Amino acid sequence: MSVFLRSSSSSRRRSILSESDVYLHRRPAAEIRGTCERRRAPGGGGRQGFGATGGSLPLPGLLNCALDCSLHRSHGQIPFLLPHPTSLFTLQEQMLASSSSVISAFSISTKPCGHLLANEVNFHRGFSSVTHGDEEEEDRGGENEEVSVVSSSADPEEVDRVCKVIDELFALDRNMEAVLDECGVELSHDLVVDVLKRFHHARKPAFRFFCWAGEKPGFQHDSRTYNFMMSILGKTRQFETMVSLLEEIEVKGLLTMETFVIAIKAFAAAKERKKAVGIFELMKYYNFKHGVDTVNCLLDSLGRAKLGKEMQVLFDRLKGKFTPNLQTYAVLLDGWCRVKNLLEAGRVWNEMIDKGFEPDVVTHNIMLGGLLRSHKRSDAIKLFEIMKAKGPSPNARSYSILIQNFCKQKQMKEAVLYFEEMRESGCQPSVVVYTNLITGFGNQNKMDMVHGLLKAMKLDGCTPDEVTYNSLIKLMTRQRMPDDAVRIYKKMIQNSVEPSIHTYVMIMKSYFQTRNYDMGRAAWEEMIEKGCCPDDNAYTVLIGGLICQGRTGEACKFLKEMIEKGMKIPQLDFNKFAADFSRAGKPDILVEMAQKMKLAGLNMAEASG
């Protein structure tokens, strides 16, 4: 293998990075806040595989599938699966009513069986934990919330009512708070969190609601509501306000370790390494003890932000102040693998052994993923074979890493061989493995294989999750078959799987690409109706579709909405906007928009690209 990985019996070998490369120092909250960007605070506006139980799983023709089983466009009517069609389905039914042929694309052969996520692996990252690597994180999607997930007892209808008031009045720039006062809202911590979830991409209305709730008699924010608002501010990079809120939390005695974790991750994700370390030092200022778990969390945050050098320097500086554990070295290993620095990864591996730690299956899997990410597949396979021969034995994650890589490289025969070996070894394939195989075969237009895998999932008791459905929808939209994408979306809803913003954006974009603007707009309305808060990307796709249709005025309306919500403005040709409005006799509209952007701290020249 090209990477020098030593066994525990080998001689000691050590290499330490120079600490002079990065300047780290303590800074109190006021100093951190002072160095943040000065922005207005939000609110200012082939054979059988065998299962673990020994039963056979029929996958006929898995290796010898027909090469001409390509995806083909359907021209027929889509079955309507929901008992109460929404606007998207109603419009689709009207537009397809004249067609009499039956759709020839595949259907998902699963029966309604309650919530399909009931047996899903929890991908929520625990405190200072190491997950499976950035590639799978991207594939699994989701918001990857830092705030602990707690079941809500809030009335969904009351949440909808509050959100409707915020959405309508905030856009009209009216006194949202006064109307909320008149609504007689019974505030609870669950209700506040649920409302913030709806507006987690729109920091300004979220923060105004948060401030309004905090001033209501009889209600006080708790750690959970504060932390959720901290998360929103951190993700939208409102760091000055985030640090001010952290100080307010401390004054009220509601600081938790989770509060610091949110701030550290926010700064690290923005590659603000010094500020992330500053929050770490702030913990001592507020008398929060930081042990190995806290250090691991900070190192992990820097590693995930691909700040490997800073991660290593910090570790070297803190060596004498805490006792590293196996997870510490796993975090360091993962950080270097993310930036494809196998030399440093090998050095960390050897140091881990020098310290008396025996590499476990987690660290082996991290190195396995790192080798594949660095295009060292032959070395990765050698490491995998060593795991089988000498231990630790590969687990389901080990197989998943290899299968995912083969699928991405369109080497499906090899992917299937490892899938069958996985089952024969007693490892149960997860929804991740099935989704990777479905995506791989779908990208090659081998839809008979997609059929077989969906049936195999059902027989195996492995139910499709949000990412599986999104992968199927993506296959349809890539072929510019938005009607079939909607059919899968309906099945998704029927089986109680919650669509994400990505689901709606894919469908909306596909309709715009096929010049079916009414259905594209209907997909947007469906997203809003389902209580899904549109993000920057959703607005960009909608505005782009409207501009292509010549609806400049309507596009301008949504652009203003983005500005008012404090969202990032997409790059647009504002000269074209100016010309269109001049022809329409409305030249003042662009001037008004420029003023709004200026008030929001935005620059029209930058937005124009």
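**Figure 1. Cysteines and overall composition of the chain.** The count comes to 0 disulfides, a disulfide being a pair of cysteine sulfur atoms within 2.5 Å. The model is predicted, with local features needing pLDDT of at least 70 and side-chain atom pairs counting only at pLDDT 80 or more, while totals for chains, interfaces and linings use all residues. Residues are numbered from 1 along each chain as its sequence is written, and side-chain values use heavy atoms, with hydrogens and water left out. Cys548 is exposed at 61% relative accessibility, whereas Cys556, at 3%, is buried. Here buried denotes a relative accessible area under 20%, exposed one over 50%, and partly exposed the range in between (1.4 Å probe, protein chains only). Of the 609 residues in the chain, 52% are buried. The chain exposes about 27200 Å², of which carbon and sulfur atoms supply 50%; accessible areas come from the Shrake-Rupley method with a 1.4 Å probe, and for residues only the protein chains shown count as cover. The secondary structure consists of 30 helices and 2 strands, which are DSSP runs numbered from the N terminus (helices: H or I, at least four residues; strands: E, at least two).

**Figure 2. Helix α11 and the loops on either side of it.** Helix α11 covers residues 273–285. Its 13 residues should span 18 Å at 1.5 Å a residue, and its end C-alpha atoms, 19 Å apart, agree with this; the expected span is 1.5 Å times one less than the number of residues. The helix is mostly covered, since 10 of its 13 residues are buried. Among them are Ala276, Val277, Ile279, Phe280, Leu282 and Met283, together with the charged-type names Arg273, Lys275 and Glu281. Before the helix, Lys271 lies in the loop between α10 (257–269) and α11. Lys271 is not a glycine, yet its phi is positive, about 60°; at 48% relative accessibility this residue counts as partly exposed. Just after α11, Asn287 also takes a positive phi, of about 65°. Asn287 is found in the loop between α11 and α12 (292–304) and counts as exposed at 69% relative accessibility.

**Figure 3. Helix α23 and the residue that follows.** Helix α23 comprises the 13 residues 482–494, with an expected span of 18 Å and end C-alpha atoms 18 Å apart, which agrees. Because 11 of its 13 residues are buried, α23 is largely enclosed by the rest of the structure. The buried set includes Pro482, Asp484, Arg487, Tyr489, Lys490 and Lys491, as well as Ala485, Val486, Ile488, Met492 and Ile493. As background to reading such a list, an α-helix has 3.6 residues a turn, so residues three or four places apart point the same way. Ser496 follows α23 and has a positive phi, near 60°.

**Figure 4. The pairing of helices α25 and α26.** The axes of α25 (residues 517–529) and α26 (residues 536–548) come within 11 Å and cross at roughly 155°. Axes are lines fitted to C-alpha atoms, for helices over the stretch in contact, and angles run from 0 to 180 degrees between N-to-C directions. The two helices are therefore roughly antiparallel to each other, on a scale where angles under 35 degrees count as roughly parallel, over 145 as roughly antiparallel, 65 to 115 as roughly perpendicular and the rest as oblique. The crossing of α25 and α26 is left-handed, meaning that the near helix is turned anticlockwise from the far one by less than a right angle; clockwise would be right-handed. Gly520 is placed in α25 and is buried at 0% relative accessibility. Gly520 and Gly545 are 25 residues apart in sequence, and their C-alpha atoms are 8.0 Å apart in space. Arg515 is found in the loop between α24 (501–513) and α25, where it is exposed, with a relative accessible area of 64%. Between Arg515 and Gln549, 34 residues apart in sequence, the C-alpha to C-alpha distance is 8.1 Å.

**Figure 5. The cis peptide bond at Pro392.** Gly391 and Pro392 are joined by a cis peptide bond, with omega about -10°. Pro392 lies in the loop between α17 (377–390) and α18 (396–408).

**Figure 6. Met176 in helix α5.** Met176 lies in helix α5, which covers residues 176–182. Met176 is buried, with a relative accessible area of 0%. The C-alpha atoms of Met176 and Ile166 are separated by 6.3 Å, the two residues being 10 residues apart along the chain.
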